[in-house]
Every structure is written in C-alpha cells, then in structure tokens.
Amino acid sequence: MRNILILGGTMEASALARALAERGEQATLSYAGRTGNPRAQPVPIRVGGFGGADGLAAFLKAGAFTHLVDATHPFAAAISANAAAAARASDVAHLMLTRPEWQAVDGDRWTHVPDIASAVRALDGPARRVMLALGRMHVEAFAAQPQHHYLLRFVDAPDAPPALLRHHLLVDRGPFTLAGDLALMRDQGIDLVVAKNAGGEGARAKIDAARALGLPVIMIDRPPVPQAQAVHDIGDVLAWIDHSAHRGV
Ligand SMILES: NC(=O)c1ccc[n+]([C@@H]2O[C@H](COP(=O)([O-])OP(=O)(O)OC[C@H]3O[C@@H](n4cnc5c(N)ncnc54)[C@H](OP(=O)(O)O)[C@@H]3O)[C@@H](O)[C@H]2O)c1
C-alpha cells in the first residue's frame, strides 16, 4: 500500500490532499504550525517541525511512508532541502510540486533583489506608502527604514503589534482578487509594493494590481531549490505516484 506524506502550508498542498483523498489514497498533510487555525482537510494532518533532515527521515520510516511530495512555499528553503536529504536517506520517492515564477511583462517596473536584507536596503530614500506583501515572518527587518508607511496583510492577527513605526495591518487569508487589491492599493495610497516572487495564482492579485496602477515593485527572487524532480500540476503528481508504484516503490 502506498502512503504519501505531503509537506504543506500552501494552496497547492491542500488541493493535492483533496485529489488524493478523492482517489482513496493513504496520505498525511504536514504543517509547520505557523498559522493558528489551519483549514479543515480531507486527509489526516500533523503539525510542527520534524527536527531537521534526520528527524524527517525518522518520521518517514516510523510512518512507513512510500512517497514524499514537497508542496511547500518556494521561499521555504530549509524544509525543501531537508525533504530532499531525508527522502534520499530513507529511499522514499520524492517529488517537488512547485509554481512557475511570475515573469515581468513590458511596462512592469520591477527591481529584482536577492533577499529580504536587499529589499530593506532598496527602500533607502524619501518616505513612501509601501505595501509589504511578505507575511509576518520578515516584516520586522523593515523597521530599519522607519520613514515609510507600511501596509501589512497577515493571515492571522499577530500576538504583538508589528514593530514598525507607521503601519496599517489587515488580517485576511485571501484568496485575493485583482479588483479587491486595486481598491485596497488606491484606498491606502500605495506607491510601491515589496513582494516575494512566490508565483502561482493565490497571491498574484497584488502583482496584477501593481501592474494596472503602474506601481514599482521590489521583487525578491527565490532562494535556490534542491536538485530534485519537480512538477507544476497536480495531475503530474498523480501520474508520478502511479508510475513510481509500477516501478515497485
Ligand atoms: N516562507 C514563506 O514565504 C511562506 C509563505 C507561505 C507559506 N509558507 C509555509 O509556511 C511553512 C513554513 O515556512 P518557512 O519559510 O518557515 O519554512 P523553512 O524556513 O523552510 O522551514 C523552517 C523549519 O520549519 C519546519 N517546517 C517547514 N515547513 C514544514 C512543514 N510543511 N511541515 C513540518 N515542518 C515544517 C521545519 O522544521 P524542522 O527542521 O524541525 O523539521 C523547517 O526546518 C511551510 O509549510 C511553507 O509552505 C511559507
């Protein structure tokens, strides 16, 4: 019997869990535990870190998992590296479900930066009204540029207020629409967007809205991914599961 562990925390992971449940596959969805209130899922979930690559390898063995699908966010680099190493060490079939990056089109005003620290440095200069579309983990770094007013949007209400001098905080887990993000950016007088190049549909409304309004975007490029087989579609994950089962995994 095949037994699939999905590393989640994304809309794609939830969609894969639904597809596997509909096929009657045995699957478990793993969350890091960053949000207080994960959505209900049609497969069992488990929450919290594994304790590095070794911990994940031990978890795969103890649970008799045959397949590991890494459907984590493209910026969750540590867990993806751990997943590749743990799958190798435990001889479990491993696949990454990733999203294509967003691409700039003619007229886009993107400045590419390699990481959060560079995005902070790119905000040197006079005060602006900045939409910081990053999630709460990296927001505090922007306290180093206190001249700006920041629009923040978090999935959950934070335990303590963000340590940014001037900000407006929205709590909303989306999905977001172009019309909604256009209205939000206009209402808030946003003149610059800072975003990670997450790719995919769930988070792209802000990029489309910035494009429609002609706003500059500081685009944080993705961290490197491990050498591994990767697909973009859930159908391809299902085909891979069937194929690897035929090979006797
Ligand atoms: N980074 C983002 O921008 C972003 C955006 C949206 C959603 N997310 C989701 O949020 C979660 C954490 O992201 P991150 O950037 O903090 O990850 P990360 O830096 O790659 O991972 C840090 C540690 O968190 C644990 N972890 C991460 N994902 C896990 C999962 N799905 N199940 C169990 N443990 C997990 C692992 O702990 P151990 O070493 O102890 O196993 C990992 O070493 C991921 O599930 C990701 O898909 C991230």
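This is a short dialogue on reading a few features of a predicted model.

Q: Where does P44 sit in the chain's layout?
A: Look at what comes before and after a residue. P44 lies in a loop. That loop runs between β2 (26–31) and β3 (45–47).

Q: Is P44 buried or exposed?
A: Compare the relative accessibility with a cut-off. Exposed means over 50%. P44 has 53%, so P44 counts as exposed.

Q: Which residues does P44 touch, leaving out those up to four places away in sequence?
A: P44 touches A27, T28 and L29.

Q: How is the distance between P44 and D221 read?
A: Give two numbers, one along the chain and one in space. P44 and D221 are 177 residues apart along the chain. Their C-alpha atoms are separated by 33 Å.

Q: How many aromatic pairs does a search of the whole structure find?
A: The search finds three aromatic pairs. One of them joins F59 and F65, and this pair is stacked. The ring centres are 5.7 Å apart, with 15° between the planes.

Q: Why does that angle make the pair of F59 and F65 stacked?
A: Planes under 30 degrees apart count as stacked. The planes of F59 and F65 make 15°, so the pair falls in that class.

Q: Which residues form one aromatic cluster?
A: F50, F59 and F65 form it.

Q: Are F59 and F65 buried or exposed?
A: Take each residue in turn. Buried means under 20%, and partly exposed lies between that and the cut-off for exposed. F65 has 10% relative accessibility, so F65 counts as buried. F59 has 26%, so F59 counts as partly exposed.

Q: Which charged end sits over the ring of F59?
A: Look for a charged side chain facing a ring. The charged end of R46 sits over the ring of F59, 5.0 Å from its centre. Elsewhere, the charged end of R153 sits over the ring of F176. There the distance to the ring centre is 3.5 Å.

Q: Where is H232?
A: H232 is in the loop between β12 (230–231) and α7 (234–246). H232 has a relative accessible area of 44%, so H232 is partly exposed.

Q: What does H232 touch, leaving out residues up to four places away in sequence?
A: H232 touches L97, T98, R99 and P100. One contact has a distance to quote. The side chain of H232 reaches the backbone oxygen of T98 at 2.9 Å.

Q: How far apart are H232 and A83?
A: Again, give both numbers. H232 and A83 are 149 residues apart in sequence. In space they are 18 Å apart, C-alpha to C-alpha.

Key:
Residues numbered from 1 in each chain as written. Predicted model: local features only at pLDDT ≥ 70, side-chain atom pairs only at ≥ 80, totals over all residues. Heavy atoms only, no water. Helix = DSSP H or I, 4+ residues; strand = E, 2+ residues; numbered from the N terminus. Buried < 20%, exposed > 50% of the residue type's maximum accessible area, 1.4 Å probe, protein only. Contact = heavy atoms within 4.5 Å. Phe/Tyr/Trp six-rings, centres within 6.5 Å; stacked < 30°, edge-to-face > 60°. Lys NZ or Arg CZ within 6 Å of the ring centre and 35° of its normal. Polar contact = N/O pair within 3.5 Å; in protein donor to acceptor, adjacent residues only side chain to side chain.
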